[in-house]
Amino acid sequence: MNHDIQTNRTYFTGFCIDVFEAAIRALPYEVNYDFVPFEIGINASHNDLVYQVFNQTFDAVVGDTTITSERSQNVCFTTPYTDLGVGMLVSNEKEDMWIFLRPLSADLWITSAGFFILTGFVVWVIERPVNPEFQGTPSQQIGSILWFAFSTLVFAHREKLLNNLAKFVVIIWVFAVLILTSSYTATLTSIMTVDQIQLNSRGNYIVYPSGSPTQGVVKNLNFKGQTPLNSVEEYADALSRGSKHGGVSAIVDEVPYIKIFLAHYPTGYSMIKHESSTNGFGFVFRKGSKLVHDMSMQIQQMREEGKLIEMEKIWFHKRTILMFDNTTSVPNTLNFHTFRGLFLVTGVSSAFALFIFIIFPLKEKWYAVKKFRFRYRVREKLQRVRKFFSHKVSNENEENQ
């Protein structure tokens, strides 16, 4: 409301005014009206305003009047022209420089690093006898182990593997890395999209506007209440200080009011829509008024044509509202227990490949030893037979002489 002193005229503007004027202009008949200001504050509430229509002081109420069953006993409401329900206004969490560590628990980070090194070691053991890229000085070999192991994280390993057992180990490990990286990316994206808000913990306070239907919602949610706030500036100050410094953790209010706040403060705050516990705003008329039905029809048509959304964009265009459902939460941190089966498969595969790599050479050596012993025994027997025949021939020669 702005009063022009020069012309002595009062001008009324706002989202509710725009909706009312658009609906009443669309009626098939002319309706003359004058706006009269009514101050809501300590001495008067919205209930008092609605009662002024009941006692015929005013013909209608155009403004932020919530539709309730109690008020509907005395007056009639049009179809709601705003979003239904209440929302929770919260301050966004401060940016965390270590947020990239949050998707995985400490035990999973340590286990993953250990398996990276273990896989590199197993591949080095298998490839070192035949692959020049895994040979060299001790420092070069340690570098090759670490480089090959961690390069599989981004699939950037370029070393050519010559042994099929090493290839088998790498195939299993790359599959495990793919699952780990996909899970990590999904969890990190969720954490960065939706902040985890723990308002039910001890010491958190929320507030609600004085005289608002949201007082019942606050009590039903078992939150600790504080002195109600009444202005956008008070909302921002209380949220910025937080519960630990004399402020609040959240503010429960009807969705249209929260949109107004977010239009004034486009950054640093978000709205979480809880439930449709209120019926939205509606225009108030006397019982039996023809305008109730006709205005409701025009509001429905405006909603179908998208005009209500366009008006909201005009008045609340400074910010795109982020609305999270009350059941939405950040996924739990991934831990070792979640992927124990994956690490079991990887560990067994590496152990199996290493076992085969060690056993096969030993088996070949054993066969070589057995073959050598067999040849030695055959040679030894042949020598004995040769000696026997040579001794016999020499004896016969002596007898003939």
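A residue is called buried when its relative accessible area is under 20%, and exposed when that value is over 50%. By this yardstick, 37% of the 401 residues of the chain count as buried in this predicted model. The chain is built with 12 helices and 11 strands. Among its contacts with a separation of 6 or more, 74% join residues 24 or more positions apart. The accessible surface of the chain comes to about 25200 Å², and carbon and sulfur atoms hold 57% of that area.

Helix α11, which spans residues 307-315, offers a friendly example of how a helix can have two faces. Its buried residues are L308, M311 and E312. These residues lie on the same side of α11 because they cover an arc of only 100° around the axis. A general rule helps here: an α-helix has 3.6 residues a turn, so residues three or four places apart point the same way. The cover over the buried residues of α11 includes α1 (15-25), α9 (255-264) and α10 (290-305). On the face of α11 turned away from the buried side sit the exposed residues I309, K313 and I314.

The surface of the model also has a nonpolar patch, formed by M97, W98, F100, L101, W109 and I110. Together, these residues have about 650 Å² of accessible area. One of them, L101, is found in the loop between β5 (86-91) and α4 (106-127). L101 has a relative accessible area of 35%, so this residue counts as partly exposed.

Terms used:
Residues are numbered from 1 along each chain as its sequence is written. This is a predicted model: local features need pLDDT of at least 70, side-chain atom pairs count only at pLDDT 80 or more; totals for chains, interfaces and linings use all residues. Side-chain values use heavy atoms; hydrogens and water are left out. Helices (H or I, at least four residues) and strands (E, at least two) are DSSP runs, numbered from the N terminus. Buried means under 20% relative accessible area, exposed over 50%, partly exposed in between (1.4 Å probe, protein chains only). Contact means heavy atoms within 4.5 Å. Accessible areas come from the Shrake-Rupley method with a 1.4 Å probe; for residues, only the protein chains shown count as cover. Patches are made of residues with over 30% relative accessible area and no salt bridge: like charges are joined within 9 Å, nonpolar side chains (Val, Leu, Ile, Met, Phe, Trp, Tyr) within 5 Å. A salt bridge is a side-chain nitrogen of Lys or Arg within 4 Å of a carboxyl oxygen of Asp or Glu. The arc is that of the directions from the helix axis to the C-beta atoms.
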